[in-house]
Amino acid sequence: MTSEEQKQAENRARPTTDEFRAFVAEDWAERRPGATALSEAAPYAAERRARVSEAFPGERLIVPAGGLKVRSNDTDYVFRPHSAFAHLTGLGGDREPDAVLVLEPRDAEHGGGHEAVLYFRPLAGRDSDEFFADTRYGEFWVGARPTVEDVETELGLTARHIDEFADAAAKDAGEVTVRLVRDADRDLTRQLDAARTTEGAEAAKLEEADDELAQFLSTLRLTKDEWEVGEMRKAVAATHVGFEAVIADLPEAVARGRGERWVEGVFGLHARHQGNGVGYDSICAAGDHATTLHWIKNTGDLNDGDLILLDAGVEVDSLFTADITRTLPANGTFSDAQREIYDAVYAAQEAGMAAVKPGNKFSDVHAAAIRVIAEYLHQWGLLPEGVDVEGTLDKDHGQYHRRWMVHGTSHHLGIDVHDCALATREQYMDAELRPGMILTVEPGLYFKADDLKAPERFRGIGVRIEDDVLVTEDGFENLSAAMPRTSTDVEAWIAGIWNR
């Protein structure tokens, strides 16, 4: 907290007399324990920590949750912990700002490996100024936090007060290699860098060592365990609810004006009710806005006859998120041109899904889908004269199809919407698909309203279809299969919801 923020907090709430302090602190009922059993996530988080321990024997590993971030003046954004911290602790939701997970190396006499210690800000006593006067952390202002005992019971690890962290992190820093997830908490990174360089470490080597840890923690999520798959199923089911709520309210979105905002609000309502909230800024793109890949302004109208491309996902309380796209006719029926483009994208998605199976490469999914896109573009006469399907697919001399589909067809999905982002190309694009991986399959075609190379009937139409797919032992499971995909099924889906 800055000095100005501290001053504002003191002006608003600090008790002014000893008598008042005593009055505030007295006559409160005894608190009940906040946790009475190990959480469902805790055993799986412990297994992940064991894999990290094996990869970095004898080293101190520091994984911060991150801190609160100011939105404006003295108000903060809703807190979300760093993904690596959530993955290794099992904590989701808005827990726990300023906490730090430390994997402390143990010597052979104490069993080797690492002890997991969570340093955090526990619940303050009612006789403390924090209880009543601290507007950022105080129980009166933001609610009660867990106690040390609560955290140990819930997570099955050692918990300590955050005030003990600095000494523990710097202990034997010149003798023990200390690695840190650098991007989780910039202030903490600066402090630890100063401590580590004081002990003789070189700044460049520190960053290199830290990057190795961050990359390992990112790739640790490439294959999901059974609990993670279960959380993804919950996220997809919750997203399904949100999409159907949007469909039910499409006539209202058209009638009220500013329809993109209406759609965003309806989905956001159900995302917050079904889970923790949206997993990323929803793309609610009507008409020509659907040809802008990352249209998150959502400021436009939705008109009768428009398509609306809704790319959205619910993040459940564990922070795992779905990522699903459906392109919906606002009046319930595709026009001929809209259907022509939609059916081409569907055919490309089907080809991409067919490539999802163990032993195939991740990049095979895109190759299969983009070939179908190229075939349709060639059939429509949109490729340059003399360029056929093979010509445009040539990575060195072609790629003309990318004018209308610039993005990749897939990405890994999980606790981040673009999960495992620090993996190398060899670990990601060129890697073989394995059971337990979850990825999207999401081809699209985008014909901007002012694209004079596009047929006039196509201009202003953007279509994407996206599903969340689990790699299985013998192929794949479409986790979002319950949400209709073909053009005729989408029309029937809309009609069915409107006729309820």
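In this predicted model, the side chains of E96 and R95 meet in a salt bridge, with 3.0 Å from N to O. E96 has a relative accessibility of 5% and counts as buried, whereas R95, with a relative accessible area of 22%, is partly exposed. The boundary that separates the two descriptions is 20% relative accessible area, under which a residue is called buried.

Another salt bridge joins D419 and K224, whose closest N and O atoms are 3.1 Å apart. D419 belongs to the loop between α16 (389-393) and β13 (438-441), and K224 to the loop between α10 (203-219) and α11, so this pair ties together parts that are 195 residues apart in sequence. D419 is buried, at 1% relative accessibility. K224 is buried as well, with a relative accessible area of 6%. Elsewhere, salt bridges that share partners link R182, D193, R196, E207 and D210 into one network.

Side chains of opposite charge can pair when their charged atoms come close. A further example is the salt bridge between R21 and D129, at 3.4 Å from N to O. R21 sits in helix α2 (residues 18-25) and D129 in helix α5 (residues 129-133), so the salt bridge ties together parts that are 108 residues apart in sequence. Here R21 is partly exposed, its relative accessible area being 30%. D129 is also partly exposed, at 30% relative accessibility. The count for the model comes to 35 salt bridges.

The nonpolar side chains make up the other part of the picture. In soluble globular proteins, such side chains tend to be buried together. The largest nonpolar core in this model has 73 residues. Those with the most contacts inside this core are F243, V263, L377, W380, L445, F447 and V463. Helix α11, which spans residues 226-248, gives the most to the core, contributing 10 residues.

W380 can be followed to see what surrounds one of these core residues. Leaving aside residues up to four places away in sequence, W380 touches E340, I341, A344, L445, F447, R457 and F458. Among these neighbours, L445 and F447 are themselves listed with the residues that have the most contacts inside the core. The list of neighbours also includes E340 and R457.

Apart from the largest core lies another one, of 25 residues. Its members include V52, A84, L91 and L217.

How values were computed: Residues numbered from 1 in each chain as written. Predicted model: local features only at pLDDT ≥ 70, side-chain atom pairs only at ≥ 80, totals over all residues. Heavy atoms only, no water. Core = buried A, V, L, I, M, F, W, Y, C linked by side-chain atoms within 4.5 Å. Buried < 20%, exposed > 50% of the residue type's maximum accessible area, 1.4 Å probe, protein only. Helix = DSSP H or I, 4+ residues; strand = E, 2+ residues; numbered from the N terminus. Contact = heavy atoms within 4.5 Å. Salt bridge = Lys/Arg side-chain N within 4 Å of Asp/Glu carboxyl O.
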